[in-house]
Amino acid sequence: MAYLSVMRAEELLTPTPAGLCCRPGGFHIDPVRPVARALITHGHSDHARPGHGAVLATPETIDLMRLRYGEDFAGSAQPIRYGEPLRLDGATVSFHPAGHVLGSAQILVEVEGLRIVASGDYKDVPDPTCLPFEPVGCDVFITEATFGLPVFCHGDPEAEIAKLMRSVALFPERAHLVGAYSLGKAQRVIALLRAGGYDKPIYLHGAMETITQYYARRIDLGALRPARDAAKADLAGAIAICPPSSLNDRWSRRFPDPVTAFASGWMRIRARARQRGVELPLVISDHADWDGLTATIAATGASDVWVTHGAEEALVHWCATRGLKARPLHMIGYGEEDADPENLAGGDA
């Protein structure tokens, strides 16, 4: 890519208290407070907030925002297909698959030959529930760094699911409760179980039902049943998916001698699993690990890298050792749901 100065890029896409602002295009990307025009990368609530005047996002992200916030989540909502260029005042934008969750997108902003990609959240490994990540050539790449430390290597999700299925076979009298975030992770775990040959009904916490049924209209997730309707005796040997916060609360008492599992990239740190009483940690993440982050930066061809929400300094240092210009953005309000398992109620790690 032809190098264009950081100052020039900052004039076109500027960090503000509301989020990244493209002044030539008259929009913000994933703003953390209501704005006149918002471009949304994906449906997780730290990126997709209600109350904007106008929202531009993929059709799936708009649907998911409606499911979460109601029909009046924004003044207006315009869907955009992947790869479709759209002129917004003085800028041209297009959305490209991010591989994070259903409908997730990187946003390419082009102004006078300068190409900036705001990646949102992303992963570069296969996921049966969403389109795969597509590297987009650019001058400036804005990357997340949720798992931006070399210690994070997520490994093989199929092997983690096989570990879960072996535990079910070993303890047929016990229910297995899998803590998984409600948008993206829960549905991916179910799809991986089906791909691994698990064909029994999978039980859902009530908080999982609406979004999972939305996914199920697009992806075959097999037999799904609400956990609230099942007798305790019928749940022996069953797998149930629930919010991480429900693993040890009153809801879990309906299950016979449950094995608690948690699907998250943070489960690479076993001390965190022990602290939370997780018996079966499953290292399955919807974010790129260290190798994925560094490989993606290289694949974009960007000469400038802006790093946000996560271990920013480590990734900035890695870029500097490769001769790339890089800086942390220190944006406030992102990654609140997926920062680490200290807050098990939400997130997408």
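One open sheet in this predicted model has 6 strands in the order β14-β13-β15-β12-β16-β17, with parallel pairing. Two strands count as paired if DSSP finds at least two bridges between them. Helices (H or I, at least four residues) and strands (E, at least two) are DSSP runs, numbered from the N terminus. At the edges stand β14 (224-226) and β17 (280-282); each has a single partner strand, so one side of each is left without a neighbour in the sheet. Neighbouring strands here are turned by 25 degrees against each other on average, direction ignored. For such angles, axes are lines fitted to C-alpha atoms, for helices over the stretch in contact, and values run from 0 to 180 degrees between N-to-C directions.

What holds strands side by side? Strands of a sheet pair through backbone hydrogen bonds, either parallel or antiparallel. Here are three parallel pairs from this model:

| Strand pair | Bridges | Residues standing opposite |
|---|---|---|
| β13 (residues 202-204) and β15 (residues 239-242) | 3 bridges | Tyr203 and Ala240 |
| β18 (residues 304-310) and β19 | 4 bridges | Val307 and Pro328 |
| β5 (residues 52-57) and β6 (residues 74-79) | 5 bridges | His52 and Ala74 |

Helix α3 (residues 157-170) lies across β12 (176-179), β15, β16 (259-263) and β17, at about 155 degrees to β17. Contact means heavy atoms within 4.5 Å.

Now for another open sheet. Its 7 strands follow the order β7-β8-β9-β10-β11-β18-β19, and the pairing is mixed. Its edges are β7 (86-88) and β19 (325-328), each with a single partner strand, so one side of each lacks a neighbour in the sheet. Helix α8 (residues 312-321) packs on this sheet, touching β11, β18 and β19, and its direction makes about 160 degrees with that of β18.

Strands and helices can also join into a small unit: β5, helix α2 (residues 59-69) and β6 make a right-handed β-α-β unit. Right-handed means that, with the strands pointing away from the viewer, the path from the first strand over the helix to the second runs clockwise.

Finally, which residues are closest to the centre of the largest pocket? They are Val125, His154, Gly155, His287 and Asp289, out of 14 that line it.

Residues are numbered from 1 along each chain as its sequence is written, and side-chain values use heavy atoms, leaving out hydrogens and water. In this predicted model, local features need pLDDT of at least 70 and side-chain atom pairs count only at pLDDT 80 or more, while totals for chains, interfaces and linings use all residues. A pocket is found on a 1 Å grid over the protein atoms alone, as an open set of points where a 1.4 Å probe fits, with protein on both sides within 12 Å along at least five of seven lines; lining residues have an atom within 4 Å of a point.
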